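Grab your viewer and work through a few exercises. Try each task on your own before reading its solution.

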Amino acid sequence: MTFIATLDDDLQNPPEELRVLLDRLTDETDVVYGTPKVEQHGFFRDLSSRMTKIALQGAMGGDTARHVSSFRLFRTRVRDAFASYRARTSRSMCS
């Protein structure tokens with residue numbers, strides 16, 4: 001089984017921490033997010049991040065959006081599912 005990892009280029013989450021995400025991936029889990037203990041960005045970036053998470057929380061519900069970050073590990077089958085998805089509408093948003 002193969003995985004894909006994403007992380008910020010500022011190394012707020014060091015690559016060594018990928019082992020923690022891998023350890024938390026189970027047979028029932030396809031995606032694992034890591035969140036920093038302390039945000040290390042400036043005021044405006046932190047504010048925009050909070051606003052984005054509030055909007056996501058409204059769309060996704062619950063606490064899920066609070067834990068969304070670019071530091072994540074997911075199975076390649078998740079990527080493959082997105083790549084093979086075809087919307088039911090006749091117009092594509094990506095055209």
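Here are five exercises, each with a worked solution.

Before you start, note that this is a predicted model, in which local features need pLDDT of at least 70 and side-chain atom pairs count only at pLDDT 80 or more, while totals for chains, interfaces and linings use all residues. Residues are numbered from 1 along each chain as its sequence is written, and side-chain values use heavy atoms, with hydrogens and water left out.

**Exercise 1. Take stock of the fold**

Task: work out how many helices and strands the protein has, and in what order they run.

Solution. Start with the DSSP runs: helices are H or I runs of at least four residues, strands are E runs of at least two, and both are numbered from the N terminus. That gives three helices and three strands. Next, read along the chain from the N terminus, and the pattern is β-α-β-α-β-α. Then look at contacts, meaning heavy atoms within 4.5 Å. Among contacts between residues at least 6 apart in sequence, 74% join residues at least 24 apart. Finally, check the surface: the accessible area (Shrake-Rupley method, 1.4 Å probe; for residues, only the protein chains shown count as cover) comes to about 7,700 Å², and 55% of this belongs to carbon and sulfur atoms.

**Exercise 2. Assemble the sheet**

Task: find the order of the strands in the sheet, and say which strands stand at the edges.

Solution. Strands count as paired if DSSP finds at least two bridges between them. With that rule you get an open sheet of three strands, ordered E1-E3-E2 with antiparallel pairing. E1 (3–6) and E2 (31–33) are the edge strands: each has a single partner strand, so one side of each has no neighbour in the sheet. From one strand to the next, the twist averages 10°; axes here are lines fitted to C-alpha atoms, for helices over the stretch in contact, and angles run from 0 to 180 degrees between N-to-C directions.

Now zoom in on one pair. E1 and E3 (residues 72–75) run antiparallel and are joined by four bridges. Within that pairing, Ile-4 sits opposite Phe-74 in E3. Last step: add helix H3 (residues 76–84), which packs on the sheet, touches E1, E2 and E3, and makes an angle of about 75° with the direction of E3.

**Exercise 3. Trace the core around Val-32**

Task: decide whether Val-32 is buried or exposed, then find which residues share a nonpolar core with Val-32.

Solution. First, the cut-offs: buried means under 20% relative accessible area, exposed over 50%, and partly exposed in between (1.4 Å probe, protein chains only). Val-32, in strand E2, comes in at 9%, so Val-32 is buried. Across the protein, buried residues make up 18% of the 95 residues.

Second, list the neighbours, skipping residues up to four places away in sequence: Val-32 touches Leu-21, Arg-24, Leu-25, Phe-71, Arg-72 and Leu-73. Take Phe-71: 39 residues separate it from Val-32 in sequence, yet the C-alpha atoms are 8.7 Å apart.

Third, apply the core rule: buried Ala, Val, Leu, Ile, Met, Phe, Trp, Tyr and Cys residues joined through side-chain atoms within 4.5 Å. The largest such core has five residues, namely Leu-21, Leu-25, Val-32, Phe-71 and Leu-73. With the sequence neighbours set aside as before, the contacts of Leu-21 include Val-32, Phe-71 and Leu-73.

**Exercise 4. Check a salt bridge inside a helix**

Task: find which residue forms a salt bridge with Asp-23.

Solution. The criterion is a side-chain nitrogen of Lys or Arg within 4 Å of a carboxyl oxygen of Asp or Glu. A search of the whole structure turns up four salt bridges. For Asp-23 the partner is Arg-19, with the closest N and O atoms 3.8 Å apart. The two are four residues apart in helix H1 (residues 18–24), so about one helical turn separates them. Both Asp-23 and Arg-19 are exposed.

**Exercise 5. Follow a charged network**

Task: identify which residues are joined with Asp-30 into one salt-bridge network.

Solution. Begin with Arg-75, whose closest N–O approach to Asp-30 is 3.2 Å. This pair links distant parts of the chain, 45 residues apart: Asp-30 in the loop between H1 and E2, and Arg-75 in strand E3. Asp-30 is partly exposed at 29% relative accessibility, whereas Arg-75 is buried at 7%.

Then take Arg-77, where the closest N and O atoms of the salt bridge with Asp-30 are 2.5 Å apart. Arg-77 lies in helix H3, 47 residues from Asp-30, and is partly exposed at 41%. Put the two bridges together, and Asp-30, Arg-75 and Arg-77 form one network through shared partners.
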